[in-house]
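Visitor: I'd like a close look at a single part of this protein, with some of its surroundings. Could you walk me through it?

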Amino acid sequence: MKCKRCAAKATVQLRSHNTAFCKECFVFFFQRNVERSIERERMFTREEPVLVAVSGGKDSLALWDTLVTLGYRTEGLYLGLGIGAYSAASQRKAEAYAAARDLPLRIMRLEEEGDGLAIPEAAFFTRRQPCAACGTFKRHHFDRAALDGGFAVLATGHNLDDEAARLLGNVLHWQLPYLAKQHPVLTPTHPKFVRKVRPLYRTSEYESATYAFLRGIDYVVEECPNSHGATQLVYKDLLNRLEETMPGSKLAFVSDFLRHAHPLFAGAPDSPAGECARCGMPAFAELCGYCRLVAEIERRRSQAVAHS
Ligand code: Q46
Ligand code: ZN
């Protein structure tokens with residue numbers, strides 16, 4: 001098979017796009033796709049400072065690599081979740097990537113932040129799935145870091161597979177408020193929030209893994225141990241089987257939703273009425289969701305100590 005762009009021997013076949021590329025042309029294709037997504041959705045300009053949340057995985061490092069190559073103003077942010085060997089390995093990969101290319105990387109670790117609560121303790125004391133607390137913690141610390149650092153935009157490495165799985169879950173349960181918020185660009189609803197963007201929303205997991213490999217990016221291959229059994233994986237598996245028989249289904253599912261259906265769900269976004277009495281971030285009630293969660297963990301932790 002020949003490369004669609006230069007007619008050299010193709011090394012990467014993309015059934016979803018019904019095409020194939022050689023190494024150099026695939027890298028070009030990947031970067032151009034990301035640039036088009038950024039421009040089409042008006043995510044950010046080359047003048048705006050962008051904080052890129054990097055987990056040490058293939059998607060976020062491929063995203064950062066692409067943004068740097070395309071000439072955007074970026075800084076990386078690694079948030080350590082305190083999940084044993086997985087977090088230690090992810091931090092090493094993120095640091096090694098940034099150091100080798102002399103890129104600015106902020107390191108934050110939940111164990112060392114104000115409340116000192118990492119994900120395992122949060123899950124243990126709330127008796128809920130670790131991912132529930134993890135989402136709230138990440139959102140809070142990313143928002144805070146973007147605000148404190150004076151960034152205009154926060155970019156994350158969510159890819160097409162993530163978006164398609166999330167959309168399937170939201171459609172299966174007709175989660176109308178979530179469908180309204182399912183978009184690669186979230187406009188801030190409060191002066192203390194920054195714009196949140198997902199430039200890889202049209203790029204599959206296979207494409208970002210291939211890109212990372214071809215660009216010599218050393219990323220953490222293991223998944224977070226808490227992801228096993230997550231509903232998202234069931235949806236991803238289903239969509240992969242569909243994609244196998246009907247290549248291009250994931251991309252069509254997400255892009256047709258954004259084009260035809262999203263406008264029907266998107267009403268006026270809910271804006272937080274005030275600011276959290278404890279941390280000062282935007283909040284719908286007296287305390288923001290993060291501070292309510294921290295208060296709950298602390299209450300249960302002191303009860304556990306009192307009973308021991
Ligand atoms: S890191 Fe956090 Fe994920 Fe691990 S605890 Fe769950 S949400 S699975 S992307
Ligand atoms: Zn708060």
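Visitor: Is Asn170 buried or exposed?

Guide: Happy to take you there, and please keep in mind that this is a predicted model. Asn170 is buried: its relative accessible area is 9%, and the cut-off for buried is under 20%. You will find Asn170 in helix 6. Leaving aside residues up to four places away in sequence, Asn170 touches Gln175, Tyr178, Leu179 and Gln182.

Helix 6, which spans residues 160–172, also has a part in the packing of helix 10. The buried residues of helix 10 pack against helix 6, and against helix 7 (176–181) and helix 9 (231–245) as well. Those buried residues are Ser249, Lys250, Leu251, Val254, Ser255, Phe257, Leu258 and His262. Look at Leu258 a second time: helix 10, running from residue 249 to 265, bends there by about 50°.

For another buried residue, turn to Ala146, which sits in helix 5 (residues 130–148). Ala146 counts as buried because its relative accessibility is 0%. Its contacts, again without residues up to four places away in sequence, are Leu51, Phe151 and Val194. Ala146 also lies 9.2 Å from Lys192, C-alpha to C-alpha, although 46 residues separate the two in sequence.

Next, a pair of helices. Helix 1 (residues 23–40) and helix 2 (residues 58–70) have axes that come within 10 Å and cross at roughly 80°. That angle falls between 65 and 115 degrees, so the two helices count as roughly perpendicular to each other. On the helix 1 side, the contact is made by Phe30, Gln31, Val34, Glu35 and Ile38. Helix 2 contributes Ala62, Thr66, Leu67, Thr69 and Leu70.

Let me finish with the metal site. The zinc ion (ligand 2) has four cysteine SG atoms as its protein donors, from Cys276, Cys279, Cys288 and Cys291, at 2.2 to 2.3 Å. Along the chain, these donors follow the spacing C-x2-C-x8-C-x2-C. The angles among the four donor atoms of the zinc ion (ligand 2) are 104 to 115°, and the site is tetrahedral. Among these cysteines, Cys288 counts as buried because its relative accessibility is 6%. Cys291 is buried too, with a relative accessibility of 0%.

Notes: Residues numbered from 1 in each chain as written. Chains lettered and ligands numbered in written order. Predicted model: local features only at pLDDT ≥ 70, side-chain atom pairs only at ≥ 80, totals over all residues. Heavy atoms only, no water. Donors = N, O, S within 2.8 Å, 3.2 Å for Na, K, Ca; no water. Tetrahedral: all angles 85-135°; square planar, octahedral: opposite > 155°, others 65-115°. Buried < 20%, exposed > 50% of the residue type's maximum accessible area, 1.4 Å probe, protein only. Bend = angle between axes of the 7 residues up to and from the residue. Helix = DSSP H or I, 4+ residues; strand = E, 2+ residues; numbered from the N terminus. Contact = heavy atoms within 4.5 Å. Axes fitted to C-alpha atoms, helices over the stretch in contact; angles between N-to-C directions. Parallel < 35°, antiparallel > 145°, perpendicular 65-115°, else oblique.
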